[in-house]
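Q: Please take a close look at a single part of this model and describe in detail how its elements are arranged, stating the cut-offs behind each term as you go.

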Amino acid sequence: MAVIIKDSECIACGSCLPACPFGAIELEDESAKIGDACTQCGACLDGICPVDAIEREAGDEKAPAADLDAYKGVWVLIEHFENKIRSVSLELLGQARLLAGKLGEEVAGVVIGHGVEDLASQVFAGGADKVYLADDPLLAHYSTDGFSNTLTDLIQTYHPNVILLGATNDGRDIGPRVACRIGTGLTADCTYLSIDEATKLVVWTRPAFGGNIMANILCPNSRPQMGTVRPNVFKRPEPDYRRGGETVRISCKLKPEDIRTKFISLQRVGEASCNLEEAEFIVSGGRGLGDPKYFDMIQELADALGGVVGASRAAVDSGWKPHLHQVGQTGKTVAPKVYIAVGISGAIQHLAGMSGSDTVIAINRDPDAPIFKKANYGIVGDFKEVLPRLIAQVKKIKGL
Ligand SMILES: Cc1cc2nc3c(=O)[nH]c(=O)nc-3n(C[C@H](O)[C@H](O)[C@H](O)COP(=O)(O)OP(=O)(O)OC[C@H]3O[C@@H](n4cnc5c(N)ncnc54)[C@H](O)[C@@H]3O)c2cc1C
């Protein structure tokens, strides 16, 4: 544990308990103890303890790692589900190729799971030179413990320079945990990646302050350099099935007791209706709908197009749709062929999530709504009049 409490000096006064934003400190046996919830943020260090009993473990300061040059290779954690690689991992392989080309290093995909050997050929086709394959029954389903232990072990064995992860549920779960264990940094939700020519460090670019500025973040003192990237930020490269590579099979060191959660069953929670990130057609509703019942119309158009339903944050905050439908800076980043925005004004935070759409169609009764600046086609009018006609036309064309 990087932050420690010296038992011999702790007077169990409890001053440090409220200082921890994660509730990780408890009083036990007449001294305070730091538990698993500790993120090493250091909030308990700054003059909180009246007897200076809390400190960082020796050697844990930001000293440069022993030999940074020994860390080589650009890795991508390959996410997959039901034997299919998630699109974001293929998008990241394309970026990994660009970064690795500039660094003169190789690209590797890390495939963790069970019965997943067949995925290696797709990872090579996506741009990898090497696949690290951890295949074990204990890894058949994603678990925080199983996957983070395995990735940590791989990093400690093979010392990669860079690791890219999707800013997905799994990537956001495993990335910070592994970075913390390894003692390196992680930049979340990047929108652009490049190499700083002078230092050969990855420049992780991400929006900050509500998207008003773009921050360039470097990780100079520790390795690997880690970051997450949202799905659909980058285009995925065309697969090249002539490519091959080396598969490194990892013998899994996990024991059943290492995994503190138990897989009971897979519950599909509206997956078909909200797989926004991979959808080709999205029809999104905003506050302009005025009433959640009008999402039925949005759904009808989405169904007729074979698409899925999205929502603005205003619609989500109103409780009209669950958050998993939200498009935008604090929702999903989407890149469909066609994005239809209905009763959505086009705030910058909404545009941040759908600007990658090939074609944008906006329906809004305000001709000055900002969404029209982004739209390829705009319909000025009340959605209650426009949508039924649009739905009827689509159904007619599709013979529905
Ligand atoms: C840090 C931060 C993060 C954010 N993240 C997101 C995000 O991820 N996603 C997101 O969407 N927003 C996000 N927002 C909120 C964003 O700023 C806007 O408030 C939000 O997008 C507005 O939603 P809206 O367009 O549905 O509503 P409004 O801005 O209220 O727009 C409603 C629109 O509907 C039109 N309208 C009204 N009646 C009709 C009608 N009958 N027919 C046709 N048109 C009609 C109006 O002309 C208007 O343009 C974020 C904000 C912040 C500060």
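A: Axes here are lines fitted to C-alpha atoms, for helices over the stretch in contact, and angles run from 0 to 180 degrees between N-to-C directions. This is a predicted model, in which local features need pLDDT of at least 70 and side-chain atom pairs count only at pLDDT 80 or more, while totals for chains, interfaces and linings use all residues. Residues are numbered from 1 along each chain as its sequence is written, and side-chain values use heavy atoms, with hydrogens and water left out.

The axes of helix H3 (residues 144-158) and helix H4 (residues 169-182) come within 9 Å and cross at roughly 45°, helices being DSSP runs of H or I with at least four residues and strands runs of E with at least two, numbered from the N terminus. That angle makes H3 oblique to H4, since under 35 degrees counts as roughly parallel, over 145 as roughly antiparallel, 65 to 115 as roughly perpendicular and the rest as oblique. The crossing of H3 with H4 is right-handed, that is, the near helix is turned clockwise from the far one by less than a right angle.

On the H3 side, the contact (heavy atoms within 4.5 Å) involves Thr144, Phe147, Ser148, Asn149, Leu151, Thr152, Ile155 and Gln156, which meet Asp173, Ile174, Arg177, Val178, Arg181 and Ile182 of H4. These residues divide into 6 nonpolar, 5 polar and 3 charged, where Ala, Val, Leu, Ile, Met, Phe, Trp, Tyr, Cys and Pro count as nonpolar, Asp, Glu, Lys and Arg as charged, and the others, Gly among them, as polar.

H3 also lies across strands S5, S8, S9 (130-135), S10 and S16, running at about 145° to S8. Those strands belong to an open sheet of 7 with parallel pairing and the order S11-S15-S10-S5-S8-S9-S16, two strands being paired if DSSP finds at least two bridges between them. S11 (186-190) and S16 (246-250) stand at the edges with a single partner strand each, so one side of each has no neighbour in the sheet. Neighbouring strands of this sheet are turned against each other by 20° on average, direction ignored.

Within the sheet, S10 (residues 162-166) pairs with S15 (residues 225-229) in the parallel sense over 5 bridges, and Val162 stands opposite Gln225 in S15. Helix H1 (residues 87-103) lies across S10 and S15 as well as S5 (74-78) and S8 (107-113), and runs at about 175° to S5.
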